[in-house]
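Trainee: Please pick one spot in this protein and look at it closely with me. Then lead me outward from there, step by step.

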Amino acid sequence: QWDCVLGTFMPELVSSVTYEGSQKDWISNVTPTVESLSFDVTENETKEARTAVIKVELASKGIAVNLKVTQGIKTKQYSFEELRALLTAAGEQTFDGDYFEGVIVADGGQKNMETNPMTLVASVVSYDDNESAITNYVQSLDGKYGMRLKFETAADNTLKKGDKVKISLNGTTLFREDNPVRYTLEGINANIVTVEENISLPARQKTISELTDEDIYTWTTLKDVEIAFSYGSYNNIGTSSKPDSDWIKNKKQNMDYRILSDASCSTINMLVNSDVEWLRTQNGVPQGSGDISGVIVNTENGYFQNAELLGRYQIRPMGLDDIALGDTGF
């Protein structure tokens with residue numbers, strides 16, 4: 001909009017465009033009207049923002065005005081399907097822009113997010129719990145696909161279950177692993193994640209036999225299951241109940257599994273880390289059947305060298321509220 005009425009001086013207006021940098025001729029049809037200045041801009045197909053200055057002169061009055069125009073980088077919103085399609089086999093894809101949207105499936109910082117890898121230092125076996133601290137999961141808004149997220153630090157991993165997020169891909173790397181197919185996005189920090197609102201997760205219910213690779217890293221409820229050997233704690237590794245126990249202080253083993261079975265005799269392993277707050281309950285694990293919700297995962301670990309022992313898929317509940325088993329079995 002002009003700040004004054006030009007009236008009869010309109011025919012004397014002369015416009016010109018000066019471009020900064022190597023990109024030229026992306027502004028056209030500069031047209032002064034009695035009310036304002038209009039112009040057309042082509043799409044920015046480059047990977048950098050670009051700037052130009054439109055100058056409008058009224059020479060007879062010694063008047064010139066400049067309009068600085070900055071065009072940002074063109075961004076693309078990827079769907080989960082499009083992100084997955086970027087990698088047709090095991091490999092990686094690095095991004096310098098663009099974004100996607102999804103919904104977070106668990107509160108960041110929980111102890112059962114991920115299997116913490118074993119370490120061996122000076123003949124002492126231990127584990128570093130940072131891996132679980134930097135891990136979270138996001139799924140598509142329709143719940144069809146999931147993805148594992150790896151944050152740069154534990155302090156960046158503050159998202160809550162149900163957060164609908166927009167995640168910039170700038171500076172991140174997408175990894176695909178095969179057999180089974182699963183995707184992990186690494187290099188995430190708090191500055192590239194925007195929380196839009198908190199919503200309810202899509203209800204996804206399946207039996208054990210219905211699970212496929214597409215369910216990996218989604219929040220899923222397994223129907224009609226029970227703990228096959230229903231005694232003891234959720235993690236029966238050899239720790240001590242003493243707070244100063246060497247097993248606890250030295251963190252000798254993190255993850256253990258409990259076998260779940262359902263009414264059709266299908267089985268899956270439920271993974272529970274040894275440092276979860278709900279490891280032991282007063283009456284032990286539930287004796288009956290019902291539903292268990294959690295993140296479907298495929299775990300690579302340093303405890304069980306035989307991959308077939310853990311199976312193709314496992315489930316990771318985040319808390320006791322996710323384990324809704326009754327008092328009686330089948």
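Mentor: Start at D98, in the loop between β7 (residues 91–94) and β8. Keep in mind that this is a predicted model. D98 has a phi near 75°. That is a positive value, and D98 is a residue other than glycine. Now ask about cover: is D98 buried or exposed? The relative accessible area of D98 is 15%. The cut-off for buried is under 20%, so D98 counts as buried.

Next, find a neighbour of D98. S168 touches D98, and S168 also touches Y99 and I192. These contacts leave out residues up to four places away in sequence. S168 sits in strand β13, which covers residues 163–168. Its relative accessible area is 22%. Buried requires a value under 20% and exposed a value over 50%, so S168 is partly exposed. The side chain of S168 also reaches the backbone nitrogen of N170, at 3.2 Å. Look along the chain as well. S168 and V193 are 25 residues apart in sequence, yet their C-alpha atoms are separated by 6.4 Å.

Set that beside the chain as a whole. Take the contacts in the protein chain with a separation of 6 or more. Of these, 67% join residues 24 or more positions apart. The chain has 4 helices and 23 strands. Of its 330 residues, 44% are buried. Its accessible surface comes to about 16900 Å², and carbon and sulfur atoms account for 48% of that.

D98 has a counterpart in backbone angle. Phi of D224 is near 55°, again positive in a residue other than glycine. Where does D224 sit? It lies in strand β18, residues 219–227. Its relative accessible area is 47%. Since partly exposed runs between 20% and 50%, D224 falls in that class.

Another backbone feature is at N179 and P180. A cis peptide bond joins these two residues, with omega about 0°. P180 is in the loop between β14 (173–177) and β15 (182–188).

Go back to β8 and follow the chain on. The loop between β8 (99–104) and β9 (118–121) holds E114. Why does E114 count as buried? Its relative accessibility is 9%, and the cut-off is under 20%, so E114 qualifies. Which side chains does it meet? Its side chain has a polar contact of 2.8 Å with that of R148. A further polar contact, at 3.1 Å, runs to the side chain of K150. Beyond four places in sequence, E114 touches several residues, among them E131, Y137, N254 and R316.

Strand β12 (146–151) leads on to a cavity. The structure holds 1 cavity of 30 Å³ or more. β12 and α1 (80–85) each give two or more residues to the lining of the largest cavity. The volume of the largest cavity is about 30 Å³. Its lining residues are F80, L83, R84, G146, M147, L174 and Y183. The largest share, 3 residues, comes from α1. By type, the lining has 5 nonpolar residues, 1 polar and 1 charged.

Now try N44, in the loop between β3 (37–41) and β4 (50–58). Its relative accessible area is 2%. That is under 20%, so N44 is buried. Its side chain makes a polar contact of 2.6 Å with the side chain of T46. The N44 side chain also reaches the backbone oxygen of E48, at 3.0 Å. Past four places in sequence, N44 touches A49, R50, Q71, G72, I73 and K74.

Finish at I323, in strand β23 (residues 323–325). At 9% relative accessibility, under the 20% cut-off, I323 therefore counts as buried. I323 touches Y234, M270, W278, D291, I292 and P317, leaving out residues up to four places away in sequence. P286 is 37 residues from I323 along the chain, and their C-alpha atoms are separated by 8.8 Å.

Note on methods. Residues numbered from 1 in each chain as written. Predicted model: local features only at pLDDT ≥ 70, side-chain atom pairs only at ≥ 80, totals over all residues. Heavy atoms only, no water. Buried < 20%, exposed > 50% of the residue type's maximum accessible area, 1.4 Å probe, protein only. Polar contact = N/O pair within 3.5 Å; in protein donor to acceptor, adjacent residues only side chain to side chain. Contact = heavy atoms within 4.5 Å. Areas by Shrake-Rupley, 256 points an atom, 1.4 Å probe, with all protein chains shown as cover. 1 Å grid on protein atoms, 1.4 Å probe; cavity = no way out; pocket = protein on both sides within 12 Å on 5 of 7 lines; lining within 4 Å. Points joined across faces, edges and corners; volume = space filled by probe spheres on them. Nonpolar A, V, L, I, M, F, W, Y, C, P; charged D, E, K, R; others polar.
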